[in-house]
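Please open the model in a viewer and keep the selection panel at hand. The tour below proceeds from one selection to the next.

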Amino acid sequence: MSEKGRLIVISGPSGAGKSTVVSKAVAERNDVCFSVSVTTRKPRVGEVDGREYFFVDLDRFKEMTDNNELLEHAEYCANSYGTPRAYVEEKTEEGLNVILDIEVQGARQVADKMSDAVKIFIIPPSMDELRNRLEKRGADTQRAIEARLIRAAQEYEEADFYDYLIVNDDADRAAAELSAIITAEKCRFALRKERLENA
Ligand code: ADP
Ligand code: 5GP
């Protein structure tokens, strides 16, 4: 019997290295895929529509929320972000685990709807290192960086809502931890009980 895929919700401050770590784990596993979000944020240099995000204007974003096309949505540093519902439903039906890289409000909405979602918080080793990474990434204005640092401190206060904490000091090690969590979650007794009964 093929099992339905689970949702793997990843949060953490912008610049923590979520995309870096997630893309390593996705490249190494054939049982996970990444949900590309929609956002009203402008693309950064190097970002491709449909790869990092689907970039939309506010009217289209509102239309998507009105039509219930988004599984969750939230505002972050003056932009709107949301998870397209159809992709998540299709992939979980196929048995794939779907990774969502979303902030805390969205993570809470997902957890309310899907109680078996796995919730992971990723942080950099320190706030100084977070600033370094945001500055080195060179993608945001100084003002946007300051806004992200303030938001990071707020999100840390809610981090005990998550099931797992990954400290991204070394990206390969952090990706290995993410992969280990996904593997461990697949081995949960409740999910495999049927195998025992049929053995
Ligand atoms: P996020 O998706 O959380 O916003 P990114 O994956 O874009 O973060 O990473 C932010 C910046 O930090 C990028 O320039 C990335 O190359 C760098 N980075 C990611 N992980 C590490 C790490 N473990 N050590 C040093 N730099 C890292
Ligand atoms: P960035 O602008 O740095 O790419 O992302 C800013 C924040 O938005 C990050 O915390 C990221 O996890 C979050 N985010 C990205 N996509 C979504 C989404 O679809 N929904 C929600 N709620 N947050 C998202």
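Which pocket is the space taken by ligand 1? The space taken by ligand 1 is the largest pocket. Here a pocket is an open set of points on a 1 Å grid over the protein atoms alone, where a 1.4 Å probe fits, with protein on both sides within 12 Å along at least five of seven lines.

Before proceeding, note the conventions. This is a predicted model, in which local features need pLDDT of at least 70 and side-chain atom pairs count only at pLDDT 80 or more, while totals for chains, interfaces and linings use all residues. Residues are numbered from 1 along each chain as its sequence is written, chains are lettered from A and ligands numbered from 1 in the order in which they are written, and side-chain values use heavy atoms, with hydrogens and water left out.

**First stop: ligand 1**

Select ligand 1 and the residues near it (those with a heavy atom within 4 Å of it). There are 14 residues around ligand 1, of which Gly15, Lys18, Ser19, Thr20 and Arg137 come nearest. By class, the shell divides into three nonpolar, six polar and five charged residues; Ala, Val, Leu, Ile, Met, Phe, Trp, Tyr, Cys and Pro count as nonpolar, Asp, Glu, Lys and Arg as charged, and the others, Gly among them, as polar.

Next, colour helix H1 (18-28) and helix H5 (127-137), each of which supplies at least two residues of this shell. H1 provides the largest share, three residues. Helices (H or I, at least four residues) and strands (E, at least two) are DSSP runs, numbered from the N terminus.

Then display the polar contacts, each a pair of N or O atoms within 3.5 Å; within protein, one must be able to donate a hydrogen and the other to accept it, and residues adjacent in sequence count only if both atoms are side-chain atoms. A nitrogen atom of ligand 1 lies 3.2 Å from a polar side-chain atom of Arg133. At Asn168, an N or O atom of the side chain is 2.9 Å from a nitrogen atom of the ligand. Ala171 takes part through a polar backbone atom, 3.3 Å from a nitrogen atom of ligand 1. Taken alone, ligand 1 exposes 570 Å², and the protein buries 74% of that (Shrake-Rupley method with a 1.4 Å probe; for residues, only the protein chains shown count as cover).

**Second stop: ligand 2**

Select ligand 2, which sits in the largest pocket; sitting there requires that more than half of its atoms lie within 2 Å of the grid points. Of the 18 residues around it, Ser37, Tyr53, Tyr81, Asp101 and Glu103 come nearest. Strand S5 (70-76) and strand S6 (79-84) each supply at least two residues of this shell, which divides into five nonpolar, six polar and seven charged residues.

Three side chains each place an N or O atom close to an oxygen atom of ligand 2: Ser14 at 2.8 Å, Arg44 at 2.9 Å and Arg148 at 2.7 Å. The protein buries 97% of the 520 Å² that ligand 2 exposes when taken alone.

**Third stop: Thr92 and Asp31**

Select Thr92 in helix H3 (residues 85-93). Is Thr92 buried or exposed? Thr92 counts as buried because its relative accessibility is 7%, the limit being under 20%, with exposed over 50% and partly exposed in between (1.4 Å probe, protein chains only). Its side chain reaches the backbone oxygen of Val88 at 2.8 Å, and a polar atom of that side chain lies 3.2 Å from the backbone oxygen of Glu89.

Finally, select Asp31, in the loop between H1 and strand S2 (32-34). Asp31 is likewise buried, at 12% relative accessibility.

Terms used. On a 1 Å grid over the protein atoms alone, a cavity is a set of points where a 1.4 Å probe fits but cannot get out, and a pocket is an open set with protein on both sides within 12 Å along at least five of seven lines; lining residues have an atom within 4 Å of a point.
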